[in-house]
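Work through the exercises below with the sequence and the structure open side by side. Try each task before reading its solution.

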Amino acid sequence: MGRAAIADIRNLSILFSADAFGGGLVTQSLLSYWFYIRYGVSLGKLGLVFMVVNVVTAASLVIAPLIAERIGNLRTMVYTHIVSNVFLILIPLAGSFTGSLTLLLLRQGVSQMDVPTRQAFMAQVFSDEERVPANAITNTARSIGSYRGGR
């Protein structure tokens, strides 16, 4: 593996780790607690809310390649992250349960679109010989970045 590939793997690992760390700061547990404290949402209703949230997240994984075909993998990763973070910032500012829930659903609709596009991007950037080590190292960096200890 050449020096350029090693540098690319290092740089991507740092970026992916920072992304995973940031994403790990806002967990479903924290959001559930916030909805419970702020709006008094019952545990049963929270279960339903986060079931729907996870279905929306799963649907976004299917839609991501369609967007990436039009604007590219890298742009899809970057743009959806920006939009996702804006929605996340707006959740507590919505002022009502319905508004906050709508923003949460919108956020989840784009928040995981980087997963399939990141994998496709890695396949584009690295040669066949470099791909397995690059994926192994960057995935390890993401796992370390997202570690929250003892969960």
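Four exercises on this predicted model follow, each with a worked solution.

**Exercise 1. Overall layout**

Task: State how many helices and strands the protein chain has, and describe its extent.

Solution:
1. The protein chain has seven helices and zero strands.
2. Along the sequence this gives the pattern α-α-α-α-α-α-α.
3. The C-alpha atoms fill a box of roughly 55 × 40 × 25 Å along the principal axes.
4. Of the 151 residues, 33% count as buried.
5. Take the contacts between residues at least 6 apart in sequence: 76% of them join residues at least 24 apart.

**Exercise 2. The nonpolar cores**

Task: Find the largest nonpolar core and name the elements that give two or more residues to it.

Solution:
1. In soluble globular proteins, nonpolar side chains tend to be buried together.
2. The largest such core here has 17 residues.
3. F35, V49, F50, F97 and L104 are the residues with the most contacts inside this core.
4. Two or more residues each come from α2 (28-39), α3 (43-71), α4 (73-90) and α5 (97-111).
5. A separate core of eight residues lies apart from this one, and I9, L12, M122 and A134 are among its members.
6. To follow one residue of the largest core, leave aside the neighbours of F35 within four places in sequence; F35 is then in contact with G40, V41, L46, F50, F97, S100, L101 and L104.

**Exercise 3. A serine in a helix**

Task: Decide whether S100 is buried or exposed, and list what surrounds this residue.

Solution:
1. S100 lies in helix α5.
2. The cut-off for buried is under 20% relative accessible area.
3. S100 counts as buried because its relative accessibility is 0%.
4. Not counting residues up to four places away in sequence, S100 touches W34, F35, Y39, I91 and A94.
5. With one of these, Y39, the side chain of S100 makes a polar contact of 3.0 Å.

**Exercise 4. Packing of α6 on α7**

Task: Describe how helices α6 and α7 pack, and sort the residues of their contact by type.

Solution:
1. Two packed helices are described by the angle between their axes and the distance between the axes.
2. For α6 (residues 114-125) and α7 (residues 128-146), the angle is about 145° and the axes are 10 Å apart.
3. The crossing of α6 and α7 is right-handed.
4. Helix α6 contributes R118, M122 and A123 to the contact, while α7 contributes R131, A134, N135, T138 and R142.
5. By type, the contact residues are three nonpolar, two polar and three charged.
6. M122 and A134 from this contact are also among the residues of the eight-residue core.

Key:
Residues are numbered from 1 along each chain as its sequence is written. This is a predicted model: local features need pLDDT of at least 70, side-chain atom pairs count only at pLDDT 80 or more; totals for chains, interfaces and linings use all residues. Side-chain values use heavy atoms; hydrogens and water are left out. A nonpolar core is a set of buried Ala, Val, Leu, Ile, Met, Phe, Trp, Tyr and Cys residues joined through side-chain atoms within 4.5 Å. Buried means under 20% relative accessible area, exposed over 50%, partly exposed in between (1.4 Å probe, protein chains only). Helices (H or I, at least four residues) and strands (E, at least two) are DSSP runs, numbered from the N terminus. Contact means heavy atoms within 4.5 Å. Axes are lines fitted to C-alpha atoms, for helices over the stretch in contact, and angles run from 0 to 180 degrees between N-to-C directions. A crossing is left-handed if the near helix is turned anticlockwise from the far one by less than a right angle, and right-handed if clockwise. Ala, Val, Leu, Ile, Met, Phe, Trp, Tyr, Cys and Pro count as nonpolar, Asp, Glu, Lys and Arg as charged, and the others, Gly among them, as polar. A polar contact is a pair of N or O atoms within 3.5 Å; within protein, one must be able to donate a hydrogen and the other to accept it, and residues adjacent in sequence count only if both atoms are side-chain atoms.
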